[in-house]
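Trainee: Could you take me closely through the sheet in this model, strand by strand, with attention to how the partners are matched?

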Amino acid sequence: MSKLKVSIKKSTVTAMMKAGRKERINETELSQLARIKPCGIMHVTKTKKDSVTYTCPANINLTDRLKKAVSKYDFFFMMEQIVIMVQDVYNNGLNVNSVRFNMDDVYINEMTKEMYFIYFPIVGGQESADIVGFIENIIYTMTPVINEDTNYISRFMYYVRSFHGFNGNAIEKYITREERAVVNVLRNMEMSGMGQQGMSQHISGGISGNMPQYMPAGMSRAALRYTAENIQGTTVLAEDSMMTLQPQQIPQPQKPVQYHFASLTRQVTGEKIELNKPSFVLGKSPESADYAIADNTNVSRIHATIITRNGRYYVMDQRSTNGTFVNGRIIKPNQEVELLTGDCLMLANEEFVFGN
């Protein structure tokens with residue numbers, strides 16, 4: 001399995017990916033990546049037979065950024081960048097399955113809000129990129145701005161899940177309806193051809209104009225085809241400006257719905273606990289657990305984790321002292337066991353019922 005080593009110094013991320021023992025780097029694809037430099041992909045600075053070193057101007061990974069308040073604008077700014085990155089990778093003949101859609105491996109420049117992904121090409125054995133699952137993980141993990149209407153989150157999730165796969169063209173049109181300024185900013189950056197140097201000047205006041213100072217840098221890519229014209233400051237996008245990985249007929253927006261989460265019901269109290277994160281920790285420690293069972297000394301500090309993947313739920317014991325049980329059978333530490341509706345989950349002697 002590939003290993004990642006990261007260091008952050010003076011707002012520059014240096015990441016080294018090392019191939020696993022049975023993996024081999026696709027040198028042809030890597031050479032093409034270094035030559036093309038797609039939008040939103042970390043720059044390749046050094047290559048060896050079994051490793052690749054990347055750099056980017058960022059200072060925080062996506063997981064940590066989502067712990068801070070995320071506004072509606074910031075959220076759609078992230079979503080549009082994902083669309084553009086996937087578009088550029090696809091249009092340049094690269095393999096989107098080589099992009100690491102892992103929140104810990106995605107980095108953000110907090111000043112410009114630009115996102116950077118790692119592209120690590122391996123010969124064979126790659127899993128299909130789950131871009132929709134990645135977007136779901138962002139939604140489950142993010143901390144919305146206090147007092148801001150968050151209905152936009154469930155609306156967007158409902159829309160994205162209405163397709164069989166990732167539909168970049170439809171998503172961009174949806175973002176245009178919800179937060180047109182996001183698409184205007186990023187597409188105006190594309191039209192202007194502003195690179196990293198221009199961005200630095202813009203932030204320091206060296207560039208005039210009405211573009212906000214938080215626009216991302218380095219977004220100019222010839223592979224992104226568009227036709228646009230400015231009408232009173234509004235950019236009109238061409239119908240074919242974005243690709244669709246799996247073309248589908250675009251449905252009309254549906255009425256807002258609340259996204260459904262599976263839950264645990266604690267039997268001793270009757271409390272219902274929503275499993276509203278992709279990795280939900282159960283344990284005794286209020287500091288470490290998403291749900292703390294502080295009144296039961298038989299439960300370990302970090303006892304078990306409920307993992308969500310593709311709409312299915314799995315429990316994994318975290319080497320607890322008194323064990324984790326599913327329907328009366330103890331499960332091995334660090335081994336995932338699927339939970340089904342009605343299953344009895346025991347953390348030591350603390351009983352829960354799983355519902356989906």
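Mentor: Two strands count as paired here if DSSP finds at least two bridges between them, and the strands themselves are DSSP runs of E, at least two residues long, numbered from the N terminus. With that in hand, and bearing in mind that this is a predicted model, we can begin with the bridge partner of I8, which is V13 in strand 2. That match belongs to the antiparallel pairing of strand 1 with strand 2, which runs over seven bridges; the two strands form a hairpin with two residues between them, and K10 in the turn has a positive phi of about 50 degrees.

V13 also stands opposite C56 in strand 4, within the antiparallel pairing of strand 2 and strand 4, which extends over six bridges. In the general case, the side chains of a regular strand alternate between the two faces of the sheet. In strand 2, residues 12-18, the covered face carries V13, A15 and M17, while T12, T14, M16 and K18 belong to the uncovered one.

Strand 4, residues 51-56, pairs in turn with strand 3 in the antiparallel sense over four bridges, and there Y54 of strand 4 stands opposite V44. Taken as a whole, the four strands form an open sheet in the order 1-2-4-3, with antiparallel pairing. Strand 1 (3-9) and strand 3 (43-47) stand at the edges with a single partner strand each, so one side of each is left without a neighbour in the sheet. From one strand to the next, the twist averages 20 degrees.

Methods: Residues are numbered from 1 along each chain as its sequence is written. This is a predicted model: local features need pLDDT of at least 70, side-chain atom pairs count only at pLDDT 80 or more; totals for chains, interfaces and linings use all residues. Side-chain values use heavy atoms; hydrogens and water are left out. Axes are lines fitted to C-alpha atoms, for helices over the stretch in contact, and angles run from 0 to 180 degrees between N-to-C directions. Buried means under 20% relative accessible area, exposed over 50%, partly exposed in between (1.4 Å probe, protein chains only).
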